[in-house]
Structures are given as C-alpha cells and as structure tokens.
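Colleague: Could you give me a close look at one part of this structure, the paired charged side chains, and then follow the account into the helices around them? I should like a connected description, with the reasoning shown wherever a category is assigned.

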Amino acid sequence: MLLQPTTTASSASMLASIDESYERCRQITAKYSKTFYMGTMLMSEAKRRAIWAIYVWCRRTDELVDGPSAQFTTESTLDDWEDQLESVFLGKPQDDYDVAMVDALEHFALDIQPFRDMISGQRMDLQCSRYETFEDLKLYCYRVAGTVGLMSTVVMGVDPEYNTAPWAQSLPCPIEEAIALGIANQLTNILRDVGEDARRGRIYLPLEDLELFKYSEADLINGVIDDRWRALMRFQIQRALKFYRQAEGGISVLSPDARWPVWSALMLYRKILDVIAENQYDVFNRRAFVPTVRKLLCLPPALLRARVL
C-alpha cells in the first residue's frame, strides 16, 4: 500500500530529498501503470517528473477506497487526506511523496480544484456501489479520471503559437478534450475490471443499460456471457470510443513535445478495448492487457500523428 501515515511537523526535516521523492514516484508509476509510464518516458524530464508526482498522488487517493486498508476508510479519512492536500498546496509536505508534489507545484501552475474533485469521487465510492444512469456514472468518471486530464494538461502545456494566432478562438478547447480522455480511460478501466468489481459488490455499468439489454445484476455477478452480454459490451465500448475520438481533437493544441506522449497513451489504452473484444468480451475470467510488442508497435504511428495531425 502506498499511503503512509502523515509526517509531523517536527520530523519534516527527515523527509526525502526532491530527487529521492521523484525517484520513488517514478518507480511506483513504472510498477503499477506500465502503459502510462511508457508514455511519460517520451516527455521532457521536468514534465515526466511532475506527471509521476501527480500519478502517485492520484493512486494514493484511489487506494483510500480501493487499497488493502479500504475497509477502514471513512469520510473522516478523506477529510484528513484533503487537509494534507491543502498543506501540499501551501508548500508544506507531510510525507516523502508530498515532496515531489510540492516541487511540481513550484514549476507548474496546477489548480487545487481538480485534486479536490478527485477526492469527491472517492467519496462517491464510499456512498454508493451502483449508478442508475450514464449521466451519474459520467460525473464519477470525471471526478476520478477526468480530473487527471485537467492536472496533466497544465503540465503538458499548450502550443504558444496557438495563443497568438488570430484563429485561436475557433480551436478545440484542450481542457474539454483532456477531460474526455480521462473519462474514456475510466470507462475502459470499468469494462476491463467488470468481474473484479462485481466480486467486490460494485457495479459501475449503468443499471439503465443493463435493463436496456435485458441483462440482470445477478447475471453480471454470476459472470454470464451470452448474446445479451456481448451486445451490452459492444454498446459500452462504442461509448468509450466516442470519448477517445473527442479527446483526439485537442492533442494538436498541446505543446509539441507533449503530442507524441499523449497520442501514445491514448492509442495504447484504447488497445485494451480491442483485447476485450478479442477475448470474446470475457472480462470475468480473463484480464485484458496489451502485450509489450503491441504497445511498441503503437509508437511509430503515434509519432506520425503527433507530427501531421
């Protein structure tokens, strides 16, 4: 588990150095999100280090409700975590991982609100295990993943040429596209982890969608794979692909050195949906993952898109 007890002010001088903190964040990112980590290695050093720090903060936040000690997490736990977030934004790290975040904040003008919104998403996980409609689920996806797009866009930066171009106002808003990519990624996570989530008593697929395809909660919990399930999954995949397509429109607005990493991350993560289909939509017994060779094959076309689109 990543989350450690917060450090008291009296022991603040014993915290890790900035370089040590970033290295710990790098190791965690590489271990727990190989696809995402591959994309960060295409960035400049300053940007990838900041992204590692953000990733670790987000993962620690997620582990409050999904980690080994999640059973002990309460609203008060999240209140304490939000207080620690406030300290970080005041330049006062409470533990070794905070050190990297504090440094990242000195280099990039990150806004605290997306971080607060992500904590609100964890509160949703404490409060409910079902979502009636897609609009309900979309809010959850924004909070736990769309916020990552907002955080990351600040680090990535926008091409300065677009800021001065006379047609700049007509360009797609990279913020909206960044949120769309976060939502697409979260929808992909949900489809990949349907079986695992069901075993934990959570169903993220909108109940209205289950009803539309005449597929019950009991069917899902029992891992029933039939024509109803396959049709339901195809419907969910098409929805996720719609958000990926929306996200594509904002990449050309990003700083040139960020386009290849973002294209790579988008294409790599979208491949998970292909694997789900190749596995005949069996997400109950088989975990969809993209082999390393297929990941590497994504990099050249991602580079081409970064340069011409």
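Modeller: Arg230 counts as partly exposed in this predicted model, since its relative accessibility of 23% falls between the 20% limit for buried residues and the 50% limit for exposed ones. The side chain of Arg230 meets that of Asp227 in a salt bridge, with 2.9 Å from N to O. Asp227, at 58% relative accessibility, is classed as exposed, because that value is over the 50% limit. Helix H13 (residues 227-248) contains both Arg230 and Asp227, and the three residues that separate them amount to about one turn of the helix.

This pair belongs to a wider set, for the structure holds 28 salt bridges. Side chains of opposite charge can pair when their charged atoms come close. A second pair is formed by Asp98 and Arg60, whose closest N and O atoms are 3.7 Å apart. Asp98 belongs to helix H5 (residues 96-107) and Arg60 to helix H3 (residues 45-66), so this salt bridge ties together parts that lie 38 residues apart in sequence. Asp98 is buried at 1% relative accessibility. Arg60 is buried too, with a relative accessible area of 1%.

A third pair joins Arg200 to Asp197, where the closest N and O atoms are 2.6 Å apart. The partners fall into separate categories of accessibility: Arg200 is partly exposed, its relative accessible area being 38%, whereas Asp197 is buried at 8%. Arg200 and Asp197 also take part in a network of salt bridges, in which they are linked with Asp66, Asp125 and Arg202.

Helix H5, which carries Asp98, leads on to the packing of helices. The axes of H5 and helix H1 (residues 18-32) come within 8 Å and cross at roughly 105 degrees. That angle lies in the range from 65 to 115 degrees, and H1 and H5 are therefore roughly perpendicular to each other. On the H1 side the contact is made by Ile18, Ser21, Tyr22, Arg24, Cys25 and Ile28, and on the H5 side by Asp96, Tyr97, Val99, Ala100, Asp103 and Ala104. Of the residues in the contact of H1 with H5, eight are nonpolar, one is polar and three are charged.

Two alanines give a local view of this region. Ala104 lies in H5 and is buried at 1% relative accessibility. With neighbours within four places in sequence left aside, Ala104 is in contact with Tyr22 and Ala50. From Ala104 to Glu161 the separation is 57 residues in sequence and 25 Å in space, C-alpha to C-alpha. The other alanine, Ala16, is found in the segment before H1 and counts as buried at 11% relative accessibility. Not counting residues up to four places away in sequence, Ala16 touches Ser21, Arg24, Asp96 and Val99. Ala16 and Phe108 are 92 residues apart in sequence, with their C-alpha atoms 21 Å apart in space.

Another helix crossing involves H7 (residues 134-156) and H9 (residues 174-192), whose axes come within 7 Å and cross at roughly 120 degrees. That angle makes H7 oblique to H9, because it lies outside the 65 to 115 degree range for roughly perpendicular helices and is not over 145 degrees. The crossing of H7 with H9 is right-handed. H7 contributes Phe134, Leu137, Lys138, Tyr140, Cys141, Tyr142, Val144, Ala145, Gly146, Gly149, Leu150 and Thr153, which meet Pro174, Ile175, Ala178, Ile179, Gly182, Ile183, Gln186, Leu187 and Ile190 in H9. The residues of the contact of H7 with H9 comprise 15 nonpolar, five polar and one charged.

One further residue of H7 deserves mention, namely Thr147. Thr147 is buried, with a relative accessible area of 0%. Neighbours within four places in sequence being left aside, the contacts of Thr147 are with Pro114, Asp117, Met118 and Tyr142. Tyr142 is also listed among the H7 residues that meet H9.

Methods. Residues are numbered from 1 along each chain as its sequence is written. This is a predicted model: local features need pLDDT of at least 70, side-chain atom pairs count only at pLDDT 80 or more; totals for chains, interfaces and linings use all residues. Side-chain values use heavy atoms; hydrogens and water are left out. Axes are lines fitted to C-alpha atoms, for helices over the stretch in contact, and angles run from 0 to 180 degrees between N-to-C directions. Helices (H or I, at least four residues) and strands (E, at least two) are DSSP runs, numbered from the N terminus. Angles under 35 degrees count as roughly parallel, over 145 as roughly antiparallel, 65 to 115 as roughly perpendicular and the rest as oblique. A crossing is left-handed if the near helix is turned anticlockwise from the far one by less than a right angle, and right-handed if clockwise. Contact means heavy atoms within 4.5 Å. Ala, Val, Leu, Ile, Met, Phe, Trp, Tyr, Cys and Pro count as nonpolar, Asp, Glu, Lys and Arg as charged, and the others, Gly among them, as polar. A salt bridge is a side-chain nitrogen of Lys or Arg within 4 Å of a carboxyl oxygen of Asp or Glu. Buried means under 20% relative accessible area, exposed over 50%, partly exposed in between (1.4 Å probe, protein chains only).
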